[in-house]
Amino acid sequence: MRRLVGVAIKKQNKTLLIFITVVLAILGYVLLKEGKIRNPLSIAGSAESPAVEVTEQDPSQFGEVLNPNQQRDASREDRIAFAQIISDMSECMEIPAADANGDDPIVLETLLTKFQSELGSPSEQSDRWMNWHLRTPEGKERRLRVEVTESDDGKIGRELHYYAVDRNGNPVPLEIPQDKMTNPTDTVINDMLKEGEVFFKERAAYAQYPNGERIEYLEKDGILSEIEFIKGDRFYRCANLKARENCQCIQ
């Protein structure tokens, strides 16, 4: 009798185990289909894909647009402040500008468009430096910086710098080969960016007009954060586009 009872219990446990396994499999399939969990095969595949797309023709695209919805996330108040700053800038520099409003994105193209009827298009645009913050698969933070240089004879070059980050958030220089540091190719920069996931980007650049007007600016994740407009002895400086009250007109 005991033997029969034992056999019955084993069969019942086996049936219960099979039932639980089937339920878990169905639940896992449903969660995977709805995107609640990630397919481990897709995770492995993403590690092999580049963190950013880079072309030799446009080095400014390194690590470009980390969050495609970043601009849409800019608040209405920030866009209104940007429109008011453009108006202040126009008055300070005595350069007519098209009306700006709170619907305009906070990007360089907006600024150039507002002054285009008076100044035309820039005759020259160039980067001054670029920074990328990235996180490696091991969770370590790295920073990559490219500085645009100009030699005594006017030749434009680039210098590459690489940093670790200590516990206090301070950059610690890392050694890189001289052939990578001086005038690095786009491929070299892109390969180093592939070492981790880019989570923040800064870009400092300028736009020069034929008559000498100059706009220097800083972008953070593709959005304008600082502007300096120069025309002869006149300056309009705004170190924080979210704080219009701190912008300065210098004549």
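This note takes up one helix, one strand and a few ring contacts in a predicted model.

1. Helix H6, which spans residues 186-193, is mostly covered, with six of its eight residues buried. Those buried residues are Asp186, Val188, Ile189, Asn190, Met192 and Leu193, a list in which the charged or polar Asp186 and Asn190 appear beside Val188, Ile189, Met192 and Leu193.

2. The surroundings of helix H6 are made up of several elements, since its buried residues pack against strand S1 (124-135), strand S2 (141-150), strand S3 (156-165), helix H5 (178-181) and strand S5 (197-208). As background to reading such a helix, an α-helix has 3.6 residues a turn, so residues three or four places apart point the same way.

3. Strand S5, one of the elements against which the buried residues of H6 pack, has nine of its 12 residues buried, and it is therefore largely enclosed by the rest of the structure.

4. Strand S5 pairs with two strands that deserve inspection together. With S1 it runs antiparallel, the two being joined by 11 bridges, and within this pairing Gln125 stands opposite Ala207 of S5. With strand S6 (residues 214-220) it is likewise antiparallel, here through seven bridges, and Tyr206 is found opposite Glu216 of S6.

5. The connection between S5 and S6 is a hairpin with five residues between the strands, and in this hairpin Gly212 adopts a positive phi near 105°.

6. Two arginines are placed over aromatic rings. The charged end of Arg135 sits over the ring of Phe199, at 4.3 Å from the ring centre, while Arg214 lies over the face of Tyr206, with a distance of 3.9 Å to the centre of that ring. Tyr206 thus enters this note twice, once as the residue opposite Glu216 in S6 and once as the ring beneath Arg214.

7. How many aromatic pairs does the model contain? The count comes to one aromatic pair. Its members are Phe115 and Phe229, whose ring centres are 5.4 Å apart and whose planes meet at 80°; because planes over 60 degrees apart count as edge-to-face, the pair is assigned to that class.

8. Phe115 belongs to helix H4 (residues 108-119) and Phe229 to strand S7 (residues 223-231), so the pair ties together parts that lie 114 residues apart in sequence. Phe115 has 0% relative accessibility and therefore counts as buried, and Phe229, with a relative accessibility of 0%, is also counted as buried.

Terms used: Residues numbered from 1 in each chain as written. Predicted model: local features only at pLDDT ≥ 70, side-chain atom pairs only at ≥ 80, totals over all residues. Heavy atoms only, no water. Buried < 20%, exposed > 50% of the residue type's maximum accessible area, 1.4 Å probe, protein only. Helix = DSSP H or I, 4+ residues; strand = E, 2+ residues; numbered from the N terminus. Contact = heavy atoms within 4.5 Å. Phe/Tyr/Trp six-rings, centres within 6.5 Å; stacked < 30°, edge-to-face > 60°. Lys NZ or Arg CZ within 6 Å of the ring centre and 35° of its normal. Pairing = 2+ DSSP bridges.
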